[in-house]
Amino acid sequence: MKSRFFSRRDFLKTASSIGMVTALGGIPVDLFASEGKLVRFPEKTDLILLTSRPPQLETPKHFFKELITPNEALFVRWHIANIPTSVDLQTWRLKIGGNTERPLELSMDDLKGLPKLSYTAVLQCAGNGRSLFDPRVPGGQWGNGAMGNVTWTGARLKDILAKAGVRGDSVEVAFNGLDSGPLPTVPDFVKSLPVDKALEEDIIIAYEMNGKPLTMLNGFPARLVVPGWYGTYWVKAISDVTVLSKTLEEFWMKPAYRIPDNPCACIPPGTKPGKTVPINRMNTRSLIIEPSIGNRLPTGKEVAISGLAFSGGYGIKDVIVSVDGGKTWKEAKLGKDLGKYSWIQFTLPWKPTQKGKYTLMARATNSIGESQPFDRQWNPSGYMLNTIEKIDVTVG
Amino acid sequence: MKKIIVFAMLAATGAFFVQHPAPVSQAEEVGQVHSITLPTIPPDLKDGVGKDKVLVFCSICHSPDYIPMQPLLPAKTWDGIVTKMIKVFGAPINEEDAKTISSYLAAQYGTAEK
């Protein structure tokens with residue numbers, strides 16, 4: 001079965017070992033370096049394997065040159081091993097209950113019959129970039145590929161909750177999916193949002209990604225989409241919406257997915273946080289996609305420093321780029337604006353005239369002034385990395 | 001030789017793979033039932049005392065690739081992880097096996113730090 005997981009890198013390793021590729025002056029490092037083992041899962045292209053059961057699969061870097069992440073390339077992250085691999089839409093129902101006036105069950109046709117909302121939003125794992133923490137922390141060792149920009153279509157959660165009638169003393173709304181633990185003792189993956197958040201205009205139960213049904217691994221037949229907030233709330237293969245009159249304090253809300261209760265969600269490395277709160281809105285990030293660390297660029301030839309930037313639902317005001325390790329900055333040109341929840345592409349032409357080593361950096365600021373720190377920030381769970389990255393390249 | 005060079009150039013630019021990606025598999029649809037079949041990926045753990053226990057007990061809940069994915073961790077961090085699996089997730093591991101598993105993890109995937 002070797003051929004099944006025979007990756008492009010395996011091919012290139014073979015190719016370069018017999019001198020074909022190196023003879024031609026090398027291959028682009030960004031496509032093929034340090035990406036680990038590539039695997040094929042159903043409805044997915046080659047993705048980087050973190051774990052197979054439950055599946056955690058990372059998107060390879062070259063897909064981040066695109067404004068929209070293709071369905072087959074979007075990362076995969078499940079928490080407990082019994083994930084849904086078969087769903088019958090004839091029997092599937094979204095059940096809404098708990099502290100409501102009229103508990104109800106919606107079929108897929110019912111859901112599709114409700115007013116539709118569609119927008120592009122970044123889905124990002126709370127632990128995206130965890131492997132870049134210093135000192136390192138245990139957990140899913142994601143590079144920066146646990147994110148994607150997808151056009152989601154679905155029905156407003158608010159409309160669904162209105163049909164059920166949320167009682168006045170409600171505090172939170174909990175969301176459960178079809179996944180379950182392999183032992184009854186394994187805490188079920190259930191997440192909750194404060195009731196005011198759950199009733200916001202833009203939260204949807206999505207049944208389409210990029211105009212197609214959701215892939216099974218990304219939550220078929222429907223998932224919660226909480227634009228601007230971390231992926232942990234975007235419950236996949238959703239089956240139950242339960243209105244609560246008290247705060248949910250099950251494992252995946254407490255102690256899991258908590259951050260230090262301060263503006264940077266950070267503490268001195270190696271220490272323990274005092275008060276924590278559930279992780280929530282995403283911070284602002286920018287990532288240089290091209291060139292990559294270690295690239296060798298020609299002298300006197302114009303190249304584009306390009307990448308993407310996004311923030312937790314406030315749109316990007318500007319991205320500045322430095323080629324001298326942060327001494328001087330220039331404003332990059334922003335690409336097509338797909339709205340406040342989408343990432344936006346940036347590019348800055350650069351024509352290095354002198355040989356040497358250069359450190360490229362990008363810094364995004366959102367429309368309410370939130371930006372990215374220069375210093376590496378730390379928390380024990382490896383969440384919310386948004387430090388300005390340094391991309392060292394050589395010219396000449 | 002010419003063919004080999006063209007092939008290598010295409011490979012070097014990535015064009016070869018962009019133009020001919022292996023097709024992405026589709027979910028099976030029978031009536032209203034959508035199904036996929038997950039691949040089986042064999043575990044790849046370092047050999048050492050206790051590996052058999054790791055394969056038996058850790059695999060009840062997750063693939064063993066959770067282990068080599070981690071950075072090298074101090075023995076007490078591995079200990080804490082094993083304890084969490086037992087106390088929080090209910091892994092049915094007795095004290096003796098837990099010690100064996102922790103020792104394997106620290107020996108094979110640990111820092112020198114105790």
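Biologist: Why is the pair K51(B) and D47(B) called a salt bridge?

Modeller: The rule asks for a side-chain nitrogen of Lys or Arg within 4 Å of a carboxyl oxygen of Asp or Glu. In K51(B) and D47(B) the closest N and O atoms are 2.8 Å apart, so the pair qualifies. Side chains of opposite charge can pair when their charged atoms come close.

Biologist: What kind of model is this?

Modeller: It is a predicted model: local features need pLDDT of at least 70, side-chain atom pairs count only at pLDDT 80 or more, and totals for chains, interfaces and linings use all residues. Residues are numbered from 1 along each chain as its sequence is written, chains are lettered from A and ligands numbered from 1 in the order in which they are written, and side-chain values use heavy atoms, with hydrogens and water left out.

Biologist: Are K51(B) and D47(B) buried or exposed?

Modeller: Buried means under 20% relative accessible area, exposed over 50%, and partly exposed in between, with a 1.4 Å probe and protein chains only. K51(B) has 19%, so it counts as buried. D47(B) has 62%, so it counts as exposed.

Biologist: What makes E249(A) and K254(A) a salt bridge?

Modeller: Their closest N and O atoms are 3.9 Å apart, so the salt-bridge rule is met. E249(A), at 48% relative accessible area, is partly exposed. K254(A), at 38%, is partly exposed too.

Biologist: How do you know that K317(A) and D318(A) pair?

Modeller: The closest N and O atoms of K317(A) and D318(A) are 3.7 Å apart, so this is a salt bridge. D318(A) is buried, with a relative accessible area of 16%.

Biologist: Which residues form a network of salt bridges?

Modeller: R156(A), K158(A) and E201(A) are linked in one. Over all chains the structure holds 13 salt bridges.

Biologist: How many salt bridges join chain B and chain A?

Modeller: Zero. Polar contacts tell another part of the story. The rule finds 15 residue pairs across this interface, both residues at pLDDT 80 or more. Such a contact is a pair of N or O atoms within 3.5 Å; within protein, one must be able to donate a hydrogen and the other to accept it, and residues adjacent in sequence count only if both atoms are side-chain atoms.

Biologist: Which parts of chain B supply the side that touches chain A?

Modeller: α1 (2–13), β2 (33–35), α4 (66–69) and α5 (75–87) of chain B each supply at least two residues. Helices (H or I, at least four residues) and strands (E, at least two) are DSSP runs, numbered from the N terminus. α1(B) gives the largest share, seven residues. By class, this side of chain B has 28 nonpolar, 13 polar and two charged residues. Ala, Val, Leu, Ile, Met, Phe, Trp, Tyr, Cys and Pro count as nonpolar, Asp, Glu, Lys and Arg as charged, and the others, Gly among them, as polar.

Biologist: How many residues does the contact take from each chain?

Modeller: The contact takes 43 residues from chain B and 50 residues from chain A; contact means heavy atoms within 4.5 Å. The chains bury about 3,800 Å² between them, 69% of it on carbon and sulfur atoms. That is the accessible area (1.4 Å probe) that two parts lose on being put together, summed over both.

Biologist: What makes β5(A) and β2(B) a strand pair?

Modeller: Strands pair if DSSP finds at least two bridges between them. β5 (residues 86–88) of chain A and β2(B) have three bridges, so they pair, running antiparallel. V87(A) stands opposite H34(B).

Biologist: Why is β10(A) called largely enclosed?

Modeller: Six of the six residues of β10 (residues 172–177) of chain A are buried, so the rest of the structure largely encloses this strand. In a regular strand the side chains alternate between the two faces of the sheet. E172(A), A174(A) and N176(A) are buried on one side, V173(A), F175(A) and G177(A) on the other.

Biologist: Which strands does β10(A) pair with?

Modeller: Six bridges join β10(A) to β15 (residues 238–244) of chain A, antiparallel. There E172(A) has L244(A) as bridge partner. Five bridges join β10(A) to β11 (residues 190–194) of chain A, also antiparallel. There F175(A) partners K191(A).

Biologist: Why is L67(A) called buried?

Modeller: Its relative accessible area is 18%, so L67(A) falls under the buried cut-off. L67(A) sits in the loop between β3 (55–58) and β4 (76–77) of chain A. Leaving aside neighbours within four places in sequence, L67(A) is in contact with N149(A), K336(A), L338(A), W343(A) and Q345(A).
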